[in-house]
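Here's a quick tour of a protein chain for you. Have a look at the picture, then read on.

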Amino acid sequence: MAYLPLRTVGLPDASDRFFDGWLEQVEARLAAPGADWYRFTRDLLFEIWYPGLGDYDGLIEDPATPAGTRAALLSLDPRNVTLEPEYYADVDAERYARVKPLHWLWQSFDRSPLGGGNVHLGVRFRRILAHHLFARCGRNFKAFQFVEFSYGYNLEVGDDCVVHRHVLLDDRGGITLGNRVSISDYANVYSHTHSIVDQKEVTNARTVIEDDVRITYHATVLAGVRVGRSGMVGAVAVATKNVRPYHVNVGIPAKSIRVKPDAPPEAYVTERVVQHHTREG
Ligand SMILES: CC(C)(COP(=O)(O)OP(=O)(O)OC[C@H]1O[C@@H](n2cnc3c(N)ncnc32)[C@H](O)[C@@H]1OP(=O)(O)O)[C@@H](O)C(=O)NCCC(=O)NCCS
């Protein structure tokens, strides 16, 4: 195995300075006392999606504006869209309404030519939103493109966490990520489940991913599962039960195949003894 830490990739100085300035403006406007996040989102998306088009309200009112264009313009305003979590009966409507514009801004930014795969700008832009959107967001949070959340306000994130492309963090029942957690592309972490008899019967259970855990590509962690410190869920695995600290669990349902070589002695408790007392896999 080769040791391959990430490279540093630079931008031309002038662009770098411009992006810094723009992000500072975004940060300041979101943090301003009494900031109207709905209006801010609408105006920013108008700039990003329709550069140079001029006056938003004028275009909406102008009978010459084609109906499809008007629909697209109206949809920039978070008040004119609905998002899936709003339909969940357990949503805290007031809390969700507060963060809804930031969900819409995050999603729409990611789909824009500006946001897209632009890592340098995108990671820092999303970090600004995350600090307002999540219950808690630690230092250096890094989210790549197309990450989705349910409520956002039930998500706690520690320091130095990385969430890769197309990850779903369903924080309906709450998700806690410790420090230095990495969640790889296309992974899903759930915190709610439905009765097999009546789909409308929902159980919410907080899912906890402890410090230094890696949830790897396309893996799924089900509601209420705790992945112990330095644990790992292998590619495409489905963690239906707790993962013990320092264990590497793979398969469906995920089972421990090994203990990491740097584990402390207590990580080597036999599976049979642990399962007798808990529901660990
Ligand atoms: C979890 C993982 C690291 C295990 O690697 P490993 O410790 O080297 O394990 P091995 O390759 O020696 O495999 C041990 C056994 O588990 C099986 N196995 C390994 N990974 C598996 C997986 N994801 N799903 C099902 N079975 C798996 C192997 O087939 C092997 O089975 P066998 O003993 O019957 O032959 C690896 O499979 C994995 O999922 N890597 C994901 C890539 C990654 O690191 N992503 C992180 C990005 S941040």
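What follows covers the domains, one helix and one sheet.

This is a predicted model, where local features need pLDDT of at least 70, side-chain atom pairs count only at pLDDT 80 or more, and totals for chains, interfaces and linings use all residues. Residues are numbered from 1 along each chain as its sequence is written.

**Domains**
- The chain splits into domain 1 (24-118) and domain 2 (134-281), with bounds from an automatic or database domain assignment.
- Their centres, taken over C-alpha atoms, sit 31 Å apart.
- Domain 1 puts 11 residues into the contact and domain 2 puts in nine (in contact means C-beta atoms, placed from the backbone, within 7 Å).

**Helix α5**
- Helices (H or I, at least four residues) and strands (E, at least two) are DSSP runs, numbered from the N terminus.
- Helix α5 covers residues 93-110, and its end C-alpha atoms are 25 Å apart, which agrees with the 26 Å expected for 18 residues at 1.5 Å a residue (the expected span is 1.5 Å times one less than the number of residues).
- There's a kink of about 45° at Val99, shortly before the proline Pro101; the bend is the angle between axes fitted to the seven residues ending there and the seven starting there.

**The sheet**
- Seven strands form an open sheet with mixed pairing, in the order β2-β5-β8-β13-β16-β18-β19.
- At the edges, β2 (142-143) and β19 (255-259) each pair on one side only (strands pair if DSSP finds at least two bridges between them).
- β5 and β8 are paired in the parallel sense over two bridges, and Val162 has Ser182 in β8 as its bridge partner.

Notes
Two residues are in contact if their C-beta atoms, placed from the backbone, lie within 7 Å.
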